[in-house]
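Me: Could you take me through the aromatic contacts of this protein, with the reasoning behind each assignment?

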Amino acid sequence: MYQECVKENFLGVLLISFEAFDIMLKNHMLMVIGMFLFKKVRLMGLTGGKLLLHSKLNFEEENFMKLFKRILKLKNLEIFKFFKESNTVCYILLEDSRRPLSKEEIKRDPLCYMDEEDINEILNVFKISFISDEKLEEDSYFLRTFFSELVNNTDVTTFIMDEFVKKDLYDDPDLDEVPFFNNLLTYIDSDIVLSEIDDHKWMYLSQD
């Protein structure tokens with residue numbers, strides 16, 4: 001296995017190549033490696049950058065390339081873009097709701113199976129939303145598993161995941177700008193509304 005890590009400006013880039021495997025590895029094995037490395041990158045302070053996983057599986061000559069790019073970081077919201085083979089697959093919104101579970105959320109599977117005592121201990125809910133222009137299909141499991149490992153889940157926190165299909169997702173004239181982010185937030189029925197961000201704040205890892 002060959003690994004190369006390059007830090008580029010304050011963003012940082014992590015490039016990993018996997019070659020000459022002696023045993024057959026399935027995609028979920030690469031996904032586990034990706035989750036581990038991405039969590040390490042967060043600890044290194046490179047989460048404003050990109051995670052690029054590139055592998056060549058000799059047993060079937062399959063190319064596997066996935067890229068995450070964080071495009072916004074606030075105290076209560078992070079937005080990522082997920083690419084596969086240079087094509088945007090979806091946007092991912094991570095919300096820190098800073099509140100306990102609502103009555104509607106408690107009814108959701110698997111939360112509805114929790115004991116009332118455990119429900120009452122939940123002090124904060126993280127919401128993870130995947131927005132794409134078509135159903136995610138085979139990427140769904142990869143993304144759900146990846147981002148479930150990304151949030152700091154504890155005994156007093158939990159997270160909720162949802163997938164949304166917005167067919168006109170890429171038709172927005174303000175793509176990857178604040179009005180576009182607000183459209184996404186409205187689409188997923190979020191309580192967050194963004195105001196314009198000063199240009200100088202884009203110089204930093206966080207835009208708060």
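**Rings and charges**

Reply: In this predicted model, Lys166 is placed over the face of Tyr187, with 5.5 Å to the ring centre.

Me: Which residue has Lys66 over its face, and at what distance from the ring centre?

Reply: A charge counts as sitting over a ring if, besides the angular condition, NZ of Lys is within 6 Å of the ring centre. Lys66 lies over the face of Phe142, and its distance from the ring centre is 3.9 Å.

Me: How many aromatic pairs are there, and which parts does the pair of Tyr91 and Tyr170 tie together?

Reply: With ring centres required to lie within 6.5 Å, the count comes to 13 aromatic pairs. Tyr91 and Tyr170 form one that is tilted, at 6.4 Å centre to centre and 35° between the planes. Because Tyr91 belongs to strand S6 (residues 87-96) and Tyr170 to the loop between strand S8 (157-165) and helix H5 (178-187), the pair ties together parts that are 79 residues apart in sequence.

Me: Is Tyr170 buried or exposed, or in between?

Reply: Buried requires under 20% relative accessible area and exposed over 50%. Tyr91, at 0% relative accessibility, is therefore buried. Tyr170 has 27% relative accessibility, so the class for this residue is partly exposed.

Me: How are the rings of Phe146 and Phe147 arranged, and which residues form one aromatic cluster with them?

Reply: The ring centres of Phe146 and Phe147 are 5.5 Å apart and their planes are at 55°, so the pair is tilted. Phe146 is buried at a relative accessible area of 2%, and Phe147 is buried at 0%. The aromatic cluster that holds Phe146 and Phe147 also contains Phe68, Phe80, Phe82, Phe130 and Phe142.

Terms used
Residues are numbered from 1 along each chain as its sequence is written. This is a predicted model: local features need pLDDT of at least 70, side-chain atom pairs count only at pLDDT 80 or more; totals for chains, interfaces and linings use all residues. Side-chain values use heavy atoms; hydrogens and water are left out. Rings of Phe, Tyr and Trp (its six-membered ring) pair if their centres lie within 6.5 Å; planes under 30 degrees apart count as stacked, over 60 as edge-to-face and the rest as tilted. Helices (H or I, at least four residues) and strands (E, at least two) are DSSP runs, numbered from the N terminus. Buried means under 20% relative accessible area, exposed over 50%, partly exposed in between (1.4 Å probe, protein chains only). A charge sits over a ring if NZ of Lys or CZ of Arg is within 6 Å of the ring centre and within 35 degrees of the ring normal.
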